[in-house]
Amino acid sequence: AVLFGKNSNNIFIFGNPNEKNVFRFSGIDEAGYFPANSFNAVGSNEFGITDLVPQYQSLNVYKLDSAKLIIPTVNPNFADNTGLNPYNYGYEGLNDKRGNSAPNMVQLIKDSPVSLDGFSFRLWGSTRGVSGEIEPEIISDRIKLSLQVLNLSTAVTFNYEYQKELWVNIDSTVYIWNYGNDTMYKYTNIQSTGFIDVEGDIYY
């Protein structure tokens, strides 16, 4: 689930295995109310949504095989029926070949999402004003030989903002991109299901 909307006052949910390419959204300021018609199916049901990531005034939708962009538009029927959501959440293509394989693990680094796609970490630049497909930058070439034998869909990621580090934990190794000085290194003997920063100390 994520918060999104003109004032971050809709809750968007996804991940139902019976409708894996569908996201649903709550009523405005109504966390417990999900209207029956407040949903959208993104592409085919062959590949499910793996993450939703707000970026500025848009919402990036990641699937295993692609990425889409949601930009809210005014619902023209709202004036005649205030029971409807005042905004529509249709989508347009962001990239038809690149997406994200690790569920709920896209991290927002300096306002740009980083996804795990194939055997690479990919940095998606600003999507503001996008009028066509964008190609996300591969930032993990320095460790590509290590990544080629791993299953990135099992990764646990973490944005350690205090040290400006993106952590990607696969098996018992944490691969780290220091986006402050653009270096890469790793920690070993760590196998986590989640990380949390408590006043600069990391628990897992």
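## Residues with positive phi

D111 is placed in the loop between β11 (107-109) and β12 (112-117), and in this predicted model its phi is positive, at about 75°, although D111 is not a glycine. The relative accessibility of D111 is 44%, and D111 therefore counts as partly exposed, since that class lies between the limits of under 20% for buried and over 50% for exposed.

E199 also has a positive phi in a residue other than glycine, with a value near 50°. E199 belongs to the loop between β19 and β20 (201-203), and because its relative accessible area is 79%, E199 is classed as exposed. A further positive phi, near 55°, is found at Y56, which belongs to the hairpin of β5 and β6, where 2 residues lie between the strands.

## The four-stranded sheet

An open sheet is built from 4 strands in the order β5-β6-β7-β10, and the pairing is antiparallel. The edges are taken by β5 (49-55) and β10 (91-95), each of which has a single partner strand, so that one side of each is left without a neighbour in the sheet. Averaged over the sheet, neighbouring strands are turned by 25° against each other when direction is ignored. As a general point, the strands of a sheet pair through backbone hydrogen bonds, in either a parallel or an antiparallel arrangement.

Within this sheet, β5 and β6 run antiparallel and are joined by 6 bridges, with D51 standing opposite Y62 in β6. On the other pairing of β6, strand β6 (residues 58-63) meets strand β7 (residues 67-70) in the antiparallel sense over 4 bridges, and these two strands form a hairpin with 3 residues between them. Two positions illustrate how β6 and β7 are matched: L59 stands opposite I70 in β7, while the bridge partner of N60 in β7 is L69.

## Burial of strand β6

How many of the residues of β6 are buried? The count is 6 of 6, and the strand is accordingly described as mostly covered. Both faces of β6 share in this cover, since S58, N60 and Y62 are buried on one side, and L59, V61 and K63 are buried on the other.

## Aromatic pairs

A search of the whole structure finds 17 aromatic pairs. In one of them, the ring centres of Y62 and W124 are 5.4 Å apart and the ring planes stand at 70°, so the pair is edge-to-face, the cut-off for that class being an angle over 60 degrees. This pair links distant parts of the chain, as Y62 is in strand β6 and W124 is in the loop between β13 (120-123) and β14 (137-138), with the two positions 62 residues apart in numbering. Y62 and W124 are both buried.

For the rings of F158 and W167, the centres are 5.9 Å apart and the planes are at 80°, so this pair is likewise edge-to-face. F158 and W167 are buried as well. Both residues are members of a cluster in which ring pairs link F158, Y160, Y162, W167, Y187, F195 and Y204.

## A nonpolar patch at the surface

I196, V198 and Y203 form a nonpolar patch on the surface, and together they have about 290 Å² of accessible area. Of these residues, I196 is located in strand β19 (residues 196-198). Is I196 buried, partly exposed or exposed? At a relative accessibility of 49%, I196 counts as partly exposed, because the exposed class requires over 50%.

## The loop between β3 and β4

I28 is found in the loop between β3 (22-25) and β4 (39-41), where its relative accessibility of 25% makes I28 count as partly exposed. I28 and G5 are separated by 23 residues in sequence, and their C-alpha atoms are 8.5 Å apart in space.

A36 also lies in the loop between β3 and β4, and A36 is exposed, with a relative accessible area of 67%. A36 and N169 are 133 residues apart in sequence, and the C-alpha to C-alpha distance between them is 38 Å.

Key. Residues are numbered from 1 along each chain as its sequence is written. This is a predicted model: local features need pLDDT of at least 70, side-chain atom pairs count only at pLDDT 80 or more; totals for chains, interfaces and linings use all residues. Side-chain values use heavy atoms; hydrogens and water are left out. Patches are made of residues with over 30% relative accessible area and no salt bridge: like charges are joined within 9 Å, nonpolar side chains (Val, Leu, Ile, Met, Phe, Trp, Tyr) within 5 Å. Accessible areas come from the Shrake-Rupley method with a 1.4 Å probe; for residues, only the protein chains shown count as cover. A salt bridge is a side-chain nitrogen of Lys or Arg within 4 Å of a carboxyl oxygen of Asp or Glu. Buried means under 20% relative accessible area, exposed over 50%, partly exposed in between (1.4 Å probe, protein chains only). Two strands pair if DSSP finds at least two bridges between them. Axes are lines fitted to C-alpha atoms, for helices over the stretch in contact, and angles run from 0 to 180 degrees between N-to-C directions. Rings of Phe, Tyr and Trp (its six-membered ring) pair if their centres lie within 6.5 Å; planes under 30 degrees apart count as stacked, over 60 as edge-to-face and the rest as tilted.
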